Amino acid sequence: MSIFIDDKTTVIVQGITGRDGSFHTKQMIEYGTKIVAGVTPGKGGQKFEDKVPIFNTVADAMATTKANTSVIYVPPMFAADAIMEAADAGVRFIVAITEGVPVLDMMRVYPYVKEKGARLLGPNCPGLISPGKSKVGIIPGNICTPGPIGVVSRSGTLTYEIVYQLTRAGLGQTTCVGIGGDPINGTNFIDCLEAFEKDKATKVICMMGEIGGTDEQEAAAYVKKTMKKPVVGFIAGQTAPPGRRMGHAGAIISGSSGTAAEKIDAFKDAGMGVAQRPVDFVKLVKARMK
Amino acid sequence: MNIHEYQAKEIFRDAGIPIPPGEVASTPAEVEAIARKLGGTVVVKAQVHAGGRGKAGGVKLAKTPEEARQVAEKILKLTIKDLPVLKVLVTPAAEIASEAYVGIIVDRTRKKAVFMVSAAGGIDIEEVAAKTPEKIMYHPVDARYGLLDFEAQRMGFFLYKDAKQARAAAKIMKALYQAFIKSGASLAEINPLVVTPKGEVLALDAKMVVDDNELDRHPEIAALRDESAEAPSEVMARNANLTFIKLDGNVGCVVNGAGLAMATMDLVKFYGGEPANFLDIGGSSNPEKVVNALRIITSDPNVKAILFNIFGGITRTDDVANGIVQATKLNPLKVPIVIRLTGTNEEIAMKILTENGFTASSDMDEAVKKAVKLATGGKAA
C-alpha cells in the first residue's frame, strides 16, 4: 500500500519536451512509472523517445489515455495555467514541480482546482515516490526502498538526506511526499498525515518542517487530536537568526514568530518524537515500530 | 524584494491614495534644502530595508531647516540591523487626530490575500494584535473577484464612525488592493493611516514587499531595487543566482537546497561550531556557481574552515566537484575544506576530487564534525 500514487497510476507529463521535463520523464520511465502521454502545445502527433504520444492539450491527452495523474515541468509564468488546464480536463492528481510560480497566481489556482475536485501537490516541490511502484517528480529513486515508513516534508534535498539515512538503516518507505515550501500550495502536512493514517501499510510517519509560518503547529495539533500512528518530526533552521522582517502584517496574521523552538514545542506537546539531527530519525523510528 | 518607503509611496500615490508630499535625500544639505522648500515642521525618515526603524532612532521630527539638517546628520550615520542608512525621506509633519493600521498580506493558512485593519494603529500594532485581537478585523479577499465595494466599506466603518472618513478609508483600501495586485506584492501596509484635525484621511507611511517570482513580468518594479541598501555579500550572491545570508560564525557552508542548508547549519551548532553563513547553491548546479560560492565565502575573514554538503538530485555532484577544482586552481584556499557529497554521479565526483588531491566523504555527520574541529583548531568534538 501507499498514498496518492501506486502501480496503477497513469501519468501525463506537461512540458515533456522541455529540458527538465524530458530529463525527468526518462528517469520516471526508467523507474517504472506508467507515463502514458506528454503535452507540449504545437508538438501534438509527435512521440517522445519514440514511445510516449505527445498532444497539444491536456484535454486531448485525457480523451485518448484517461490518465489519473499529471506532472508539470513548464516554466513558472505558464505553470498556473497548466495546473488549471489539467484540473479542467479531469485529471484527479496534479503534481507541479515548477519553482518560482508567483503567489498571486496560486491564489487564483487554488480555489479553481478545489472546485474541480482535483488534488494538487506543489508547486515548487520534488513530487512523490511510492518505492517499487511509481515515482512522479524528481526524487532520486535509488535512495528509496519499499517498507512501512511514511515520509512528508516541506523541503527537497533534506528529504533525500533523511530518506537516504532511513534506507541505509533498513527502514523502507510506503510513500515519500515533498509538499514544497511555497506560501500557497495544494497539499499540506495534514492532508498527507490523514492519508498515511488511513494507509494500512504505513506504521510510522516522519515529518520534516522548517522555520516560518504555522503549518507545522497546525499539523502537530492534528496529530494530537486525530492520529493513532506514531509521528516523528524534525525542524530545520533551529539556528537561523531572526530576519530583518519588514512590516507588521506577518506577525499579526500568524500570531506567531514561526521559530523552530515554537514548532518543536508543538511537536512535543502532540506526543511526537523529535529528531534533533537527521540521523536521529533512525533510532526514533525504530523505537516506534511494533 | 523589499522596496523603500518613498518608492512604495509613489506606487500608492499613483493608485490614488492620499499621501503628503515628500522628497528623498542622501546628504544633510539636501535635507535642509527640502525642509526649507516644504516649510514648517518636517519628519526625516531613514530609508532602510529593516523593520523597527522608529525604535532605532531612524525617524525624527525637525521644526526648522537647520534642525532638519542636524537630525539628518545623525540618521545618515545610523546602522539599523546591520544595514547602513544611506537615504532619508523628508516630508511635512502632519497633525494627527487618530492613527489606524491597514495591511494586506498573503496568508498561507487561508490561501488568500488577507486585509487586516485596526483603529489602534501605530508602532505597537503587533502588541495590539497579541493582547486585544478583537481590535483587528481580518478580511480574506477572493482573488477572482478582488476587493468588493461593500467589503471595503465594512472595513471603513470598522475603522471610523464618521461616514465621510469611513468612505475615504474604503476608497484607500480599494486603491491599496489594486496597487498590491498590480505590483505583484506579497505585503502592502499603511501604518499609520491618520485622520487629521480637519477630518482628512491620509497615509503617512507605506511599506511594500514584492514577490521575487513576479519580477520577470514587472520590470518597472524590478528597477526599484536599491543594491546599496542591501548587504554587499548578499548582492554578490544574488547576482550569481545563489541565496546567501551572512552570519557571525567561522564554518563557511556551501549546501544545495534551503532545508538541507538549514539542517547543516543546525548540525554545525550541534557539534559545537558556529556557521559563518547560509548558502544555497540551488537546484540545477553548474561549476561556475560553485566558483562564485567559494569566492563569496572566502571573502569573509572569519571563515576558518569550509564545509560542502551536497545531496545530488537535480544537482549533479560531478558539477560541484569540477567547480571546487576550478575555483581552487584560480584562488588556492587558505583554509581547510571538508567535502561531503552523495547522490547523482557520486562516483565521477569522487574520482575528480581524488585526482585533484581532495578527500570527500558521503556521511553528513562525519563531515560536519570534521569541519567544526578544523575551524576551532581541534578543540571541539
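**Exercise 1.** In this predicted model, determine which residue of β3(B) is the bridge partner of V44(B).

*Solution.* Begin with the two strands: β2 of chain B covers residues 42-47 and is joined to β3(B) by four bridges. Their course is antiparallel. Within β3(B), V44(B) finds its bridge partner in K60(B).

**Exercise 2.** Establish the strand order of the open sheet in chain B, and explain why one side of β1 and of β3 is left without a neighbour in the sheet.

*Solution.* The sheet is open and consists of four strands, with antiparallel pairing, in the order β1-β6-β2-β3 of chain B. The edge positions are taken by β1 (23-25) and β3 (59-62) of chain B. Each has a single partner strand, and therefore one side of each lacks a neighbour in the sheet. From one strand to the next, the twist averages 25 degrees.

**Exercise 3.** Describe how helices α1 and α2 of chain B are placed relative to the strands.

*Solution.* Consider α1 (residues 5-14) of chain B: this helix lies across β1, β2 and β6 (87-92) of chain B. With β2(B), α1 makes an angle of about 110 degrees. Next, α2 (residues 28-38) of chain B packs on the sheet and touches β1, β2, β3 and β6 of chain B. The directions of α2 and β6(B) differ by about 15 degrees.

**Exercise 4.** Characterise the side of chain B that touches chain A.

*Solution.* Count the residues in contact: 57 of chain B meet 48 of chain A. Elements of chain B that each supply at least two residues to this side include β7 (98-107), α4 (125-131) and α13 (364-375). The most comes from α9(B), with ten residues. By class, this side of chain B has 26 nonpolar, 15 polar and 16 charged residues.

Technical notes. Residues are numbered from 1 along each chain as its sequence is written. Chains are lettered from A and ligands numbered from 1 in the order in which they are written. This is a predicted model: local features need pLDDT of at least 70, side-chain atom pairs count only at pLDDT 80 or more; totals for chains, interfaces and linings use all residues. Two strands pair if DSSP finds at least two bridges between them. Axes are lines fitted to C-alpha atoms, for helices over the stretch in contact, and angles run from 0 to 180 degrees between N-to-C directions. Two residues are in contact if their C-beta atoms, placed from the backbone, lie within 7 Å. Ala, Val, Leu, Ile, Met, Phe, Trp, Tyr, Cys and Pro count as nonpolar, Asp, Glu, Lys and Arg as charged, and the others, Gly among them, as polar.
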